Every structure is written in structure tokens, then in C-alpha cells.
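Work through the exercises below with the sequence and the structure at hand. Each task is followed by a solution in steps.

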Amino acid sequence: MSLTAKILAGLLVLVAIDLGVVYVRALHTELDERTQQLDDARQGIVDRDDTINRLQADAADKAKQQQQLDRARSAIAAQLDTALQENRRLRDENAEVRAWADTPLPFDVARLHNTPAQTGAGDYAAAVSDRAALRAPSDGAAD
């Protein structure tokens with residue numbers, strides 16, 4: 001084997017080693033990227049699980065609040081029923097109370113009594129007609 005062939009073979013080995021090093025570096029870079037993607041995916045799963053657990057806890061809390069509300073509403077309904085029964089009993093027992101209860105309500109009170117319940121400013125504004133709108137306050141002087 002001649003010296004030129006040995007040098008050429010040595011250069012080829014060096015080029016092969018250099019290409020091997022470049023390939024290994026590329027593999028390490030790809031491995032690092034894949035590892036980062038895996039870590040991101042794991043973190044995404046942890047975040048998702050935390051969100052699911054938080055939503056489940058919130059749903060359980062809302063269910064408990066609903067049960068409390070139902071119990072309170074039932075208690076109020078029972079109290080109202082008791083009060084209505086007491087009112088009926090008093091009306092039935094006392095002629096004076098019965099006469100007072102049979103008296104028709106004044107028109108404005110009856111109108112208010114027949115108005116549906118209002119639960120906010122929007123309901124109130126919708127219930128007030130334009131013809132019943134209030135005037136702007138003034139000092140009483142004519143403009």
C-alpha cells in the first residue's frame with residue numbers, strides 16, 4: 001500500500017469520523033427536542049388533570065350549595081304554608097278579620113299585587129311603561 005493510499009484511507013476515516021460526529025450531534029439534538037416535547041406533553045396532561053379535578057371539586061361544591069338551597073327553600077315554603085294556614089284559621093274564626101280580608105284592594109295595590117316578581121333593575125325597567133315614567137326632578141320653576 002502506497003503512502004498516498006494510506007493518506008487517502010486516513011482522510012476517509014477522518015471524514016467518516018467527522019460525519020459520524022455530525023450525525024451523533026444531530027441525533028442528540030433530535031433527542032433533546034423529543035425529550036422537550038415529551039416533557040411538554042406530560043405537563044399538559046398534569047395541567048389537564050388539575051383542571052378536571054378543579055372542575056369536579058367545583059361541581060361537587062355547586063351540588064352541595066344546591067342541596068343547601070333546596071333545604072332552605074323547603075324550610076321557607078313550610079314556614080309560608082304555616083303562616084297561610086294561620087291566616088286562614090284567623091280569617092275563618094273572626095268575622096271582623098273575614099270582613100277586612102274580603103274588602104277589595106285599592107286599584108294601585110291590586111295592580112302591584114298582580115305584577116310579576118322583579119329580580120333586578122332590568123325587570124323593573126321593563127315593567128315600567130313610558131306613560132308611567134317619572135319626571136326629572138326640578139326646583140318647581142317653569143322652564
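**Exercise 1. Fold and confidence**

State the order of secondary structure elements along the protein, and say where confidence is lowest and highest.

Solution. Read along the sequence, the pattern is α-α-α-α. This amounts to four helices and zero strands. The model is predicted, and its mean pLDDT is 85, with 83% of residues at 70 or more. Confidence is highest in helix H1 (residues 3-93), at a mean of 94, and lowest in helix H4 (residues 121-127), at 69.

**Exercise 2. Surface**

What percentage of the residues count as buried, and what part of the accessible surface belongs to carbon and sulfur atoms?

Solution. Buried means under 20% relative accessible area. Of the 143 residues, 0% count as buried. The accessible surface comes to about 13,000 Å², and carbon and sulfur atoms hold 60% of that.

**Exercise 3. Salt bridges in helix H1**

Find how far apart in sequence the partners Glu-30 and Arg-34 are, then do the same for Asp-70 and Arg-73.

Solution. Side chains of opposite charge can pair when their charged atoms come close. The whole structure has six salt bridges.

- Step 1: Glu-30 and Arg-34 form a salt bridge at 3.6 Å, N to O. The two are four residues apart in helix H1, so about one helical turn separates them. Glu-30 is partly exposed at 38% relative accessibility, and Arg-34 is partly exposed at 48%.
- Step 2: Asp-70 and Arg-73 form a salt bridge at 3.0 Å, N to O. Here the spacing in helix H1 is three residues, which again means about one helical turn. Asp-70 is partly exposed, with 32% relative accessibility.

**Exercise 4. A salt-bridge network**

Which residues does the network containing Glu-86 join?

Solution. Start from the pair Glu-86 and Arg-89, whose side chains meet at 2.3 Å, N to O. They lie three residues apart in helix H1, so they are separated by about one helical turn. Glu-86 has a relative accessible area of 34% and is partly exposed; Arg-89, at 36%, is also partly exposed. Salt bridges with shared partners join Glu-86, Arg-89 and Glu-93 into one network.

**Exercise 5. The second largest pocket**

List the lining of the second largest pocket and sort it by class.

Solution. The second largest pocket has a volume of about 190 Å³. Its lining consists of Trp-100, Ala-101, Thr-103, Pro-104, Leu-105, Pro-106 and His-113. Sorted by class, five of these are nonpolar, two are polar and none is charged.

Methods
Residues are numbered from 1 along each chain as its sequence is written. This is a predicted model: local features need pLDDT of at least 70, side-chain atom pairs count only at pLDDT 80 or more; totals for chains, interfaces and linings use all residues. Side-chain values use heavy atoms; hydrogens and water are left out. pLDDT is the predictor's confidence in each residue, from 0 to 100. Buried means under 20% relative accessible area, exposed over 50%, partly exposed in between (1.4 Å probe, protein chains only). Accessible areas come from the Shrake-Rupley method with a 1.4 Å probe; for residues, only the protein chains shown count as cover. On a 1 Å grid over the protein atoms alone, a cavity is a set of points where a 1.4 Å probe fits but cannot get out, and a pocket is an open set with protein on both sides within 12 Å along at least five of seven lines; lining residues have an atom within 4 Å of a point. Grid points are joined across faces, edges and corners, and a volume is the space filled by probe spheres set on the points. Ala, Val, Leu, Ile, Met, Phe, Trp, Tyr, Cys and Pro count as nonpolar, Asp, Glu, Lys and Arg as charged, and the others, Gly among them, as polar. A salt bridge is a side-chain nitrogen of Lys or Arg within 4 Å of a carboxyl oxygen of Asp or Glu.
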